[in-house]
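Q: I have a protein model open and want to learn how to read its empty spaces and its ligand site. Can you take me through it step by step?

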Amino acid sequence: MDINVKLKPQSERGSLPSDDNQLGFGRIFTDHMFVVDYHEGKWKNARIMPFGPFSLSPASLVLHYGQEIFEGMKAFRQENKKDVSFFRPEKNAKRMVDSAIRLDMEPFPEEHFLTGLNKLVNIERDWVPNSHGTSLYLRPTLIATESVLGLKSSSDYRFYIILSPVGPYFSEGFKPIKIYVEPSYVRAVHGGIGEAKTGGNYAASLLALKKARASGCSQVLWLDAKEHKYIEEVGTMNQFFVMDDIIYTAPTDGTVLKGVTRESVLQLAKDQGYKVKEEYLAIDQVIDGIKNGALSEAFGAGTAASIAPVGELRYKEKVYQINNNRVGPISEKLYELLTGIQYGRIKDEYGWNVLVKDD
Ligand SMILES: Cc1ncc(COP(=O)(O)O)c(C=O)c1O
């Protein structure tokens with residue numbers, strides 16, 4: 001794939017805020033983006049160009065039927081302050097192909113995804129912030145651009161990657177968050193699109209998120225669509241519980257996103273000698289566990305937040321505190337290991353970090 005590079009003049013480029021505390025999450029964008037179009041059966045015109053608005057037909061299929069998918073991943077400034085590494089980027093490239101297939105879109109080839117991403121991030125190296133808990137968030141996106149109102153799969157697509165320097169996802173930092181258990185709305189059904197990373201899943205979640213925020217919680221914990229009983233995942237994270245010293249998370253059997261962090265946490269936990277089970281827990285089991293002391297910790301895991309300890313569940317007007325609203329030892333250990341590898345503080349025995357190469 002040839003990539004045509006057209007950079008902004010140096011004098012027009014932006015820079016990181018002087019204080020990393022001003023980064024927030026996903027509000028600041030770097031100077032350039034990677035864009036490539038699919039037309040007449042071919043990916044064409046791969047380019048790196050200044051970040052800015054697109055011109056799209058108002059009839060584009062993405063705007064009417066939501067044919068779109070995306071990824072969320074990060075590049076981390078390493079301990080030596082010079083190198084920058086991706087974390088398991090091939091997993092996101094592959095998941096994006098799987099999402100494309102589910103939404104009947106033209107998948108963007110994995111090797112081109114990784115090449116375009118490396119070239120863009122290499123150009124934008126100076127945008128990777130330095131301090132602990134910060135990173136460069138990477139947002140590959142695929143949208144349906146054919147201009148037609150009849151319901152069909154698009155014949156034309158645009159794939160693009162934009163980059164945003166970010167601080168911690170939750171303003172709390174690495175402190176316990178509050179989670180709202182949604183009793184009636186659902187996120188995903190078996191046979192649906194829950195496993196795909198597509199905008200529709202997040203659009204469907206917003207009304208419940210508003211309820212969660214109104215009750216002082218940061219995210220929604222989703223229950224299964226059939227019985228409103230089994231715990232699936234949180235808004236932007238896979239959910240874990242420690243019950244009777246076993247680490248539980250829901251299986252990925254169609255409704256839950258196959259999180260890269262989830263897979264990494266399961267591996268780290270097993271290698272630390274913890275017992276892990278990919279099994280459904282019922283919300284009543286979790287509440288009983290909180291009451292009788294069997295449930296010692298809960299945490300969410302995802303790219304945006306890495307590991308977020310959960311200190312409180314709100315379910316049907318009742319509040320349940322977990323571990324006295326303190327960070328538990330297993331959450332802390334897994335957080336230290338995961339972020340230690342990501343920032344290069346701990347030796348990466350797994351080959352998960354992929355250095356951004358000069359090219
Ligand atoms: C619904 C949902 N579940 C889980 C995750 C965690 O996935 P990952 O670890 O790949 O970021 C995310 C975040 O991307 C998500 O949006």
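Q: Which element gives the most to the lining of the largest cavity?
A: A word first: this is a predicted model. A cavity is a space where a probe fits but cannot get out. Here, β5 gives the most to the lining of the largest cavity, with three residues. The strand β5 spans 73-77, and α6 (260-271) also gives two or more residues to that lining.

Q: Which residues line the largest cavity?
A: To find them, look for residues with an atom within 4 Å of a cavity point. The list includes Met73, Lys74 and Phe76. Val260 and Thr261 are on it too, as are Gly302, Thr303 and Gln342.

Q: What classes of residue are in that lining, and which domains do they come from?
A: Sort by class, then by domain. The lining of the largest cavity has seven polar residues, four nonpolar and one charged. Domain 1 (4-166) and domain 2 (177-342) each provide at least three residues.

Q: How many cavities of 30 Å³ or more does the search find, and what is the volume of the largest?
A: The search covers the whole structure and finds two. The largest has a volume of about 90 Å³. The second largest holds about 50 Å³ of space.

Q: What lines the second largest cavity?
A: Use the approach from before: residues, then elements, then classes. Among the lining residues are Ile231, Glu232, Gln239, Phe241, Tyr248 and Leu281. Three strands each supply at least two residues: β11 (231-234), β12 (237-243) and β13 (246-249). By class, six residues of this lining are nonpolar, two are polar and two are charged.

Q: Where does the largest pocket lie?
A: A pocket is an open space, unlike a cavity. Check which domains give residues to the lining. Domain 1 (4-166) and domain 2 (177-342) both do, so the largest pocket lies between them. Its volume is about 800 Å³.

Q: How many residues line the largest pocket, and which lie nearest its centre?
A: The lining has 38 residues. Nearest the centre are Tyr137, Arg139, Tyr169, Tyr202 and Thr236. By class, the pocket lining has 16 nonpolar, 15 polar and seven charged residues.

Q: How many residues surround the ligand, and which are closest?
A: Count the residues around the ligand, then pick out the closest. There are 17. The closest are Lys197, Tyr202, Glu233, Thr261 and Thr303.

Q: What polar contacts do Lys197, Thr261 and Thr303 make with the ligand?
A: Look for pairs of N or O atoms within 3.5 Å. A side-chain N or O atom of Lys197 is 2.7 Å from a ligand oxygen. For Thr261, a polar side-chain atom lies 2.5 Å from an oxygen atom of the ligand. For Thr303, the distance from a side-chain N or O atom to a ligand oxygen is 2.6 Å. Now check burial. Taken alone, the ligand exposes 380 Å², and the protein buries 97% of that.

Technical notes:
Residues are numbered from 1 along each chain as its sequence is written. This is a predicted model: local features need pLDDT of at least 70, side-chain atom pairs count only at pLDDT 80 or more; totals for chains, interfaces and linings use all residues. Side-chain values use heavy atoms; hydrogens and water are left out. On a 1 Å grid over the protein atoms alone, a cavity is a set of points where a 1.4 Å probe fits but cannot get out, and a pocket is an open set with protein on both sides within 12 Å along at least five of seven lines; lining residues have an atom within 4 Å of a point. Grid points are joined across faces, edges and corners, and a volume is the space filled by probe spheres set on the points. Helices (H or I, at least four residues) and strands (E, at least two) are DSSP runs, numbered from the N terminus. Ala, Val, Leu, Ile, Met, Phe, Trp, Tyr, Cys and Pro count as nonpolar, Asp, Glu, Lys and Arg as charged, and the others, Gly among them, as polar. Domain bounds come from an automatic or database domain assignment. A residue is near a molecule or strand if one of its heavy atoms lies within 4 Å of it. A polar contact is a pair of N or O atoms within 3.5 Å; within protein, one must be able to donate a hydrogen and the other to accept it, and residues adjacent in sequence count only if both atoms are side-chain atoms. Accessible areas come from the Shrake-Rupley method with a 1.4 Å probe; for residues, only the protein chains shown count as cover.
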